[in-house]
Amino acid sequence: MNSSRINAAALYGLYLSLPTVITFLIQDTYQPGTLISVILWVIRFGASIWLLLRFMKEWAANFDEFTYGNGVSFGFITCSFSSMIVAVVRWASISFINKDTFQMAMQEAMERFEEQGNSQLIDTFASISENMPVIVLFSTLIYCVIYGLILSSILASFCKKESFTID
């Protein structure tokens, strides 16, 4: 049953990543205003919670007893797969898909630093900007995994099915 759990978590992770991937690509490509960005964030946040809860309940339905720990474990594995997909898509967006837009934003930031006249900050930013896609890849992965762990821990309590016996 363990490989079945991994397979289900991987498939659910793919589906779970879709709202985030779609909203990130919209934001990276079109760079909407603040209001649209907030709306996209709310959609991404709400859809992620709803989908994870749905997937955890669907998986729990396969068992007569499904503990809180089972829920956290399954949710975390699902979120880990989703996190990998989101991080790779985010990296690809910055490195290839929207490379020009990203480079323009980095150039604008560099110009702002030059206006401030802080040469140490300019040097640091220049060295970091070359590695920014990799930094974005790992920071997105870490953020999403932590977010997934917290969300799984909260939602697992809504999915548990435990039998209590009083002796």
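Helices, here, are DSSP runs of H or I with at least four residues, numbered from the N terminus. In this predicted model, the chain follows the pattern α-α-α-α-α-α along the sequence. It has 6 helices and 0 strands. The radius of gyration is 20 Å, well over the 15 Å that the globule rule gives for 167 residues, so the chain is more spread out than a compact globule. Along the principal axes, the C-alpha atoms fill a box of roughly 75 × 30 × 25 Å.

Contacts and surface were examined next. Among contacts in the chain with a separation of 6 or more, 81% link residues 24 or more positions apart. Buried residues account for 35% of the 167 residues. The chain exposes about 10200 Å². Carbon and sulfur atoms supply 65% of that area.

Helix H1 spans residues 2-30 and includes Ser 17. Ser 17 has a relative accessibility of 1%, and therefore counts as buried. Leaving aside residues up to four places away in sequence, Ser 17 touches Ser 82, Ile 85 and Val 86. Ile 22 is also found in helix H1. Ile 22 has a relative accessible area of 48% and is partly exposed. A nonpolar surface patch of about 670 Å² includes Ile 22. Its other members are Leu 11, Leu 14, Tyr 15, Leu 18, Ile 26 and Tyr 30.

Aromatic side chains were then considered. The count comes to 10 aromatic pairs. One of them joins Tyr 15 and Phe 55, with ring centres 6.3 Å apart and planes at 40 degrees. The pair is tilted because that angle falls between the cut-offs of 30 degrees for stacked and 60 for edge-to-face. Tyr 15 lies in helix H1 and Phe 55 in helix H2 (residues 34-60), so the pair ties together parts that are 40 residues apart in sequence. Tyr 15 is partly exposed, at a relative accessible area of 39%. Phe 55, at 3% relative accessibility, counts as buried.

Trp 59 and Phe 63 form an edge-to-face aromatic pair. Their rings lie 5.5 Å centre to centre, with 65 degrees between the planes. Trp 59 is buried, with a relative accessible area of 6%. Phe 63 counts as partly exposed at 21% relative accessibility, as buried means under 20%. Both residues belong to one aromatic cluster, together with Tyr 12, Tyr 15, Phe 55, Phe 66 and Phe 74. Tyr 15 thus appears in this cluster and in the nonpolar surface patch.

Note on methods:
Residues are numbered from 1 along each chain as its sequence is written. This is a predicted model: local features need pLDDT of at least 70, side-chain atom pairs count only at pLDDT 80 or more; totals for chains, interfaces and linings use all residues. Side-chain values use heavy atoms; hydrogens and water are left out. Helices (H or I, at least four residues) and strands (E, at least two) are DSSP runs, numbered from the N terminus. Buried means under 20% relative accessible area, exposed over 50%, partly exposed in between (1.4 Å probe, protein chains only). Contact means heavy atoms within 4.5 Å. Patches are made of residues with over 30% relative accessible area and no salt bridge: like charges are joined within 9 Å, nonpolar side chains (Val, Leu, Ile, Met, Phe, Trp, Tyr) within 5 Å. Accessible areas come from the Shrake-Rupley method with a 1.4 Å probe; for residues, only the protein chains shown count as cover. A salt bridge is a side-chain nitrogen of Lys or Arg within 4 Å of a carboxyl oxygen of Asp or Glu. The radius of gyration is taken over C-alpha atoms; the globule rule is 2.2 Å times the number of residues to the power 0.38. Rings of Phe, Tyr and Trp (its six-membered ring) pair if their centres lie within 6.5 Å; planes under 30 degrees apart count as stacked, over 60 as edge-to-face and the rest as tilted.
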